[in-house]
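Here are my notes from a first look around. Feel free to follow along with the structure open.

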Amino acid sequence: MVYLKVTVLDIVFDKAIIGVLDKEGQEVNRIYLNTTDLLGYSDYFTLHFMGDTVYMQTPSMMYECSKESFIAGEPDFKEVYPIDIKMWSMKEH
């Protein structure tokens, strides 16, 4: 079983470092997420880990990828559905 620990890279709102830990707490991978690299634009995001799927939510869209690709450090996020949480999004400007 793999446990995921999320740590903030810095105060910038569109970047994070994700440390992937094994059940003993040893780091097995480190993932650097940046919405500009993943989506083509910079935006706020949150991550949700549910079963075998990782969801990334921005103010304008919900994305998903497999937990396997995420843990490997190669998340392939695909659009799931648009959302509108009444937040300013960089995509819209």
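Before listing neighbours, I fixed my term: a contact means heavy atoms within 4.5 Å. I also kept in mind that this is a predicted model.

**Entry: Asn34.** I started with Asn34, which I found in strand 3, residues 27-34. Leaving aside neighbours within four places in sequence, Asn34 is in contact with Asp14 and Lys15. Is Asn34 buried or exposed? I looked up its relative accessibility, which is 16%, so Asn34 counts as buried, the cut-off being under 20%. I then checked the side chain of Asn34: one of its polar atoms lies 2.7 Å from the backbone nitrogen of Thr36.

**Entry: Ile31.** Next I moved to Ile31, also placed in strand 3. Ile31 has a relative accessible area of 3%, so I noted it as buried. Which residues does Ile31 touch, not counting those up to four places away in sequence? I listed Ala16, Ile17, Ile18, Val20, Phe70, Ile71 and Gly73. I also looked up Gly19, 12 residues from Ile31 along the chain: their C-alpha atoms are separated by 6.4 Å.

**Entry: confidence.** Last, I checked how far to trust the picture. The chain averages a pLDDT of 79, and 76% of the residues score at least 70. Among the elements of the chain, strand 6 (residues 61-66) has the highest mean pLDDT, 94, and strand 1 (residues 2-7) the lowest, 54. Over residues 7-11 I saw pLDDT stay under 50; the model has five contacts beyond four places in sequence for them. Where pLDDT is low, the predicted coordinates should not be read in detail.

Methods: Residues numbered from 1 in each chain as written. Predicted model: local features only at pLDDT ≥ 70, side-chain atom pairs only at ≥ 80, totals over all residues. Heavy atoms only, no water. Helix = DSSP H or I, 4+ residues; strand = E, 2+ residues; numbered from the N terminus. Buried < 20%, exposed > 50% of the residue type's maximum accessible area, 1.4 Å probe, protein only. Polar contact = N/O pair within 3.5 Å; in protein donor to acceptor, adjacent residues only side chain to side chain. pLDDT = per-residue confidence, 0-100.
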